[in-house]
Amino acid sequence: MDALLTGLSMALTPENLLYAVIGVLLGTAVGVLPGIGPAMTVALLLPVTYNVSPSAALIMFAGIYYGGMYGGSTTSILLNTPGESSSVITALEGNKMAKTGRAAQALATAAIGSFVAGTIGTILLVAVAPTVADWVVVLGAPSYFALMLLALVAVTSVLGSSKLRGFISLALGLAIGLVGTSTGQARLTLDNPLLADGIDIVVVAVAIFAVGEALWVAAHLRRRPLEIIPVGRPWMDRRDWRRSWAPWLRGTAFGFPFGALPAGGAELPTFLSYITERRLAGEHRAEFGKGAIEGVAGPEAANNASAAGTLVPLLAIGLPTTATAAVILAAMQSYGLQPGPQLFEAEPELVWTLLASLFVANTLLLVINLPLAPLWAKLLRIPRPYLYAGILFFAVLGAYSVNFQRFDVLLLCLFGALGFAMRRFGLPVLPLIVGVILGPRLEEQLTQALQLSQGDVSALWSEPVAVIVYVVIAVLLLGPLVLRLVPGRQGPERLEDEVEELEEEVRS
Amino acid sequence: MTVVVGWTPDARGHAALVRAIAEAQVHDERLLVVNASSGTAPVDDRFAGVADVSQVRALLDSLGVDGEVRQTVVRDVGDALLDIAEEVDASMLVIGIRHRSPVGKLLMGSTAQRILLDARCPVLAVKA
């Protein structure tokens, strides 16, 4: 508690407060714009880590992360086009509410629900993360190896539509992570001395997120403009409050644990929150599909709580489970910070300042976003060419500033083309980026484990935690296959199919 | 013959539309209402929504004008209007104009000016 108060006093210094404000404003703006997300923004801002103090940069990135979760809901509600994948469910009821003239109430319940869920989620994060770190810090290399493997398998096979595509993407990421001579021998360097130090994560992240997306947008530049629903200042009356508070709390209860699991992400908890609210709606059951406020309040709370939840594995174990968390991890590494349980011991001031600033960011989001909603909607009128010209400019600047080498800009173009191809062929981006970042660390733990056991492979399953984690991995991979073989039972549907079914049901 | 009008769901577009309807009635011609956008922004206020379009259709019907509303997403709004005017062999092209500052014109160009200079048929420019 003392540590948190010290952190709070650090977070409230003018400099850190300024970075928090910049973070939430930027985060909300990119959340509102379809196609531009917090992961791309943090990637583009990675070069600022050369000049800004670690705590200020991390505060800004956390603000962007939280802000992005919020901003996506505005687009979902007013345009019926989710800005982020986590807001897909919000569009179901949110847009219906807006169409019946209740846009202000939908935006209000999303904003206040995000605040409530974000605050509760951050309290849980503060309570859980140090404890998890204490458990994890005693684990040996074999267990770490297993945990990282679990994270890789989980982000690859649990999320996304196709396991095969997920693993292709993961393989690409691991291959990029292999480049270099860190192990003593040259791997995939093509005898090029410029590749000897490996490929900088900034170049890969910026290329995949920013250049890939810019090329994709350029290929689909002209689209029929969407109809936006005009909105004033968000507000709710007493009835809306009465109908919203329980969904907020239930949404938080769904969001946080799912975010904290190694297979995090906000898609599953928002979906579960929606179907739960529909089931529990009682007298308002008939309103679902026509704009029920519960269907906005629950999922919006769930996605913000899951954002707080994903910070648990990130800070306590050093495992990223979302694209944004992966890029934030890259930022921490570029400061020479070792994310994981040691972080709480080695850098208590930094960690607690970051945690305290999350409360500040959350409050800022509520204060800033309630009056500014109409302004955010105006962002959608910016022509894409202007927007993406700016993004490409910062992308090239960022890639060049890593080593001040033209070669990095060449790599940027190359990986940008890869990013475009991945979007074209439906490969998910998350496994690649997590693979690039976790790959080298995975190898480090493997080397360490095998060195201690003098090359005996069985050391890898010598720790109980490792064995449990391998069982979980096996269940994750084989579970769906086994279920499909059980006669008389349909295999579990993919999340995307479920969401589609739900959408059809709601729209009919 | 056909009267073509470049229409946007705002005051300028309304002034042009009203005048174009009058022209079509006087000469007993068809009316083609064109609403175009470059489609580069997710939201374009000058691209009419469903409600606006049906309002215009209702207006045309109530006045007994033989007309249609065409919405397109094109590379360049001015060129699109000129192309459509040629395609239907328009007797007249009606556009709405507004005052532009020299700097604004320098930065954004002027669709109206290009239409006035490049059109092959008479152009009627209506001020809102």
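**Helix packing in chain A and the sheet of chain B**

In this predicted model, helix α9 of chain A passes helix α16 of chain A in a left-handed crossing. The two helices span residues 201-219 and residues 384-403, respectively. Their axes come within 10 Å and cross at roughly 160°. Angles over 145 degrees count as roughly antiparallel, so α9(A) is roughly antiparallel to α16(A). On the α9(A) side, the contact is formed by A:Val202, A:Val203, A:Val206, A:Ala210, A:Val211, A:Ala214, A:Val217 and A:Ala218. Facing them in α16(A) are A:Arg384, A:Tyr388, A:Ile391, A:Leu392, A:Ala395, A:Gly398, A:Ala399 and A:Val402. This contact comprises 14 nonpolar residues, one polar residue and one charged residue.

Helix α9(A) also packs against helix α17 (residues 406-424) of chain A. Here the axes lie 7 Å apart, and the angle is about 55°. That angle falls outside the roughly parallel, antiparallel and perpendicular ranges, so α9(A) is oblique to α17(A). The crossing of α9(A) past α17(A) is right-handed. From α9(A), the contact draws on A:Val203, A:Val204, A:Val206, A:Ala207, A:Ile208, A:Val211, A:Gly212, A:Leu215 and A:Trp216. From α17(A), A:Asp408, A:Leu411, A:Leu412, A:Phe415, A:Gly416, A:Gly419, A:Phe420, A:Met422 and A:Arg423 take part. By class, 13 of these residues are nonpolar, three are polar and two are charged. A:Val203, A:Val206 and A:Val211 of α9(A) serve both in the contact with α16(A) and in the contact with α17(A).

Another helix pair in chain A joins α3 (residues 38-45) and α13 (residues 323-334). Their axes come within 8 Å and cross at roughly 15°. Angles under 35 degrees count as roughly parallel, so α3(A) is roughly parallel to α13(A). The crossing of α3(A) past α13(A) is left-handed. A:Pro38, A:Ala39, A:Val42 and A:Ala43 of α3(A) meet A:Ala323, A:Thr324, A:Val327 and A:Ile328 of α13(A). Seven of the contact residues are nonpolar, one is polar and none is charged.

Chain B contains an open sheet of five strands. The strand order is β3-β2-β1-β4-β5, and the pairing is parallel. Strands β3 and β5 (123-127) of chain B form the edges, each pairing on one side only. From one strand to the next, the twist averages 20°. Strands of a sheet pair through backbone hydrogen bonds, either parallel or antiparallel. Within this sheet, seven bridges join β2 (residues 30-37) of chain B to β3 (residues 67-73) of chain B. These two strands run parallel. B:Val33 has B:Val69 of β3(B) as its bridge partner. B:Ser37 is bridged to B:Val73 of β3(B). Together with helix α2 (residues 50-63) of chain B, β2(B) and β3(B) make a right-handed β-α-β unit.

Other helices of chain B meet the sheet. Helix α1 (residues 11-27) of chain B lies across β1 (2-6), β2, β3, β4 (90-97) and β5 of chain B. The helix α1(B) runs at about 155° to β4(B). Helix α3 (residues 77-87) of chain B also packs on the sheet. This α3(B) touches β1, β2, β3 and β4 of chain B. Its direction makes about 155° with that of β2(B).

The two chains also touch each other. The contact takes 16 residues from chain A and 13 residues from chain B. On the side of chain A that touches chain B, 10 residues are nonpolar and six are charged, with no polar residues.

Key. Residues are numbered from 1 along each chain as its sequence is written. Chains are lettered from A and ligands numbered from 1 in the order in which they are written. This is a predicted model: local features need pLDDT of at least 70, side-chain atom pairs count only at pLDDT 80 or more; totals for chains, interfaces and linings use all residues. Axes are lines fitted to C-alpha atoms, for helices over the stretch in contact, and angles run from 0 to 180 degrees between N-to-C directions. Helices (H or I, at least four residues) and strands (E, at least two) are DSSP runs, numbered from the N terminus. Angles under 35 degrees count as roughly parallel, over 145 as roughly antiparallel, 65 to 115 as roughly perpendicular and the rest as oblique. A crossing is left-handed if the near helix is turned anticlockwise from the far one by less than a right angle, and right-handed if clockwise. Two residues are in contact if their C-beta atoms, placed from the backbone, lie within 7 Å. Ala, Val, Leu, Ile, Met, Phe, Trp, Tyr, Cys and Pro count as nonpolar, Asp, Glu, Lys and Arg as charged, and the others, Gly among them, as polar. Two strands pair if DSSP finds at least two bridges between them. A crossover is right-handed if, with the strands pointing away from the viewer, the path from the first strand over the helix to the second runs clockwise.
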